[in-house]
Amino acid sequence: MRIITLHVDGLEQAVKNGLYTWLAGADADVVAIQNLKAKEYQLSDDVVYPEGFNAYFFDAEADGYSGVAILTKDVPKAIMTGIGHPEWDLQGRFIQADFDHVSVASVLFPAVDEHNTLEDKLGFQKVFLEHLQKTRRKRREFIFCGNFEAAHKTVDIQDWEAAQNEPGFLPQERAFLDQVFGPVGYIDAFREANFGENQFTWWPDAESARRNLNGWRKDMQICTPEIRQYVVEARIENNLKFGQHAAVMIEYEFDEE
């Protein structure tokens, strides 16, 4: 199962810039997309019905803000939207596709912006951590894909010393990720197969991206521990024509039954 996660700065524009053309050759089974910046009914038919995929959307209430989608080659057994907290579900931050033995979700963490404060962002982290704890009690495996709006370790951000007082690398945000990959038991799937330095998924501008400066690894796929043995390849597609974030592709070689 090849899974791609990508944060776009508006899905309609990303498709106009060639996203679906690129996906046609990427041979992905599931594509998790974040920050649609449009409701499903506002998108053109070419965007809502991508060739070769079944597309599912979860909109934000506000116009031009947030929203997530998941594209799947195979029809999932079920689609779940939201995490049961109206204040966050109204912002369109979570959608999940259930398959036979694994569930794959697209999640968009809030940024500190005109809609959310730092306290709001930390509040979502707390709620999501509780959601992860609940999933560990279920008899299936999970992969959560998305922009976590935070870098975990110093290797995940180029100028980490200068960023210690910035949202996205604050001690309390890194502590949240310590919990995710510590007591809660989730795995950073990318690092199971790719240990390289300068592996970034977001840059503040195109010039920084071109020169690979000021990079952060904010976009991740995290999975339940049983899945770690199936991660065989992980790479970042350093192509910014779809927005300021790069796509993350991870190949999972599950046993066939």
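This is a short talk on strand β6, the strands beside it, the nonpolar cores and an open sheet in this structure.

Hi everyone. Before we start, please keep in mind that this is a predicted model.

Let's begin with β6, which covers residues 94–98. Is this strand buried or exposed? Five of its five residues are buried, so β6 is largely enclosed by the rest of the structure. Here is a general point that helps: in a regular strand, side chains alternate between the two faces of the sheet. Now look at β6 with that in mind. On one side you have F94, Q96 and D98, on the other I95 and A97, and all of these are buried, so both faces are covered.

Who are the partners of β6? One is β5, residues 78–81, which runs antiparallel to β6 and is joined to it by four bridges. If you would like a pair to find on screen, M80 has Q96 as its bridge partner. Another partner is β7, residues 102–108, also antiparallel, this time with five bridges. Here F94 stands opposite V107. The connection is easy to follow by eye, as β6 and β7 form a hairpin with three residues between them.

Next, the nonpolar cores. The largest has 29 residues, and the members that touch the most others are I3, V104, I143, I250 and Y252. Which elements supply at least two residues each? Our β6 and β7 do, along with β2, β4, β8, α7, β11 and β12. There is also a second, separate core of 26 residues, and among its members are Y20, L43, A55 and F242.

Let me stay with I143 for a moment. Leaving out neighbours within four places in sequence, I143 is in contact with V102, S103, V104 and A105. Its contacts also include I3, Y252 and F254, as well as Q221, I222, C223 and I227.

Finally, the open sheet. It has six strands with mixed pairing, and if you walk across it the order is β3-β4-β2-β1-β12-β11. Which strands sit at the edges? Those are β3, residues 54–58, and β11, each pairing on one side only. From one strand to the next, the twist averages 15 degrees.

Within that sheet, try finding β1, residues 2–7, beside β12: the two run antiparallel, and four bridges join them. A good place to look is T5, whose bridge partner in β12 is V248.

That's my tour. Thanks for listening!

Methods
Residues are numbered from 1 along each chain as its sequence is written. This is a predicted model: local features need pLDDT of at least 70, side-chain atom pairs count only at pLDDT 80 or more; totals for chains, interfaces and linings use all residues. Side-chain values use heavy atoms; hydrogens and water are left out. Buried means under 20% relative accessible area, exposed over 50%, partly exposed in between (1.4 Å probe, protein chains only). Two strands pair if DSSP finds at least two bridges between them. A nonpolar core is a set of buried Ala, Val, Leu, Ile, Met, Phe, Trp, Tyr and Cys residues joined through side-chain atoms within 4.5 Å. Contact means heavy atoms within 4.5 Å. Axes are lines fitted to C-alpha atoms, for helices over the stretch in contact, and angles run from 0 to 180 degrees between N-to-C directions.
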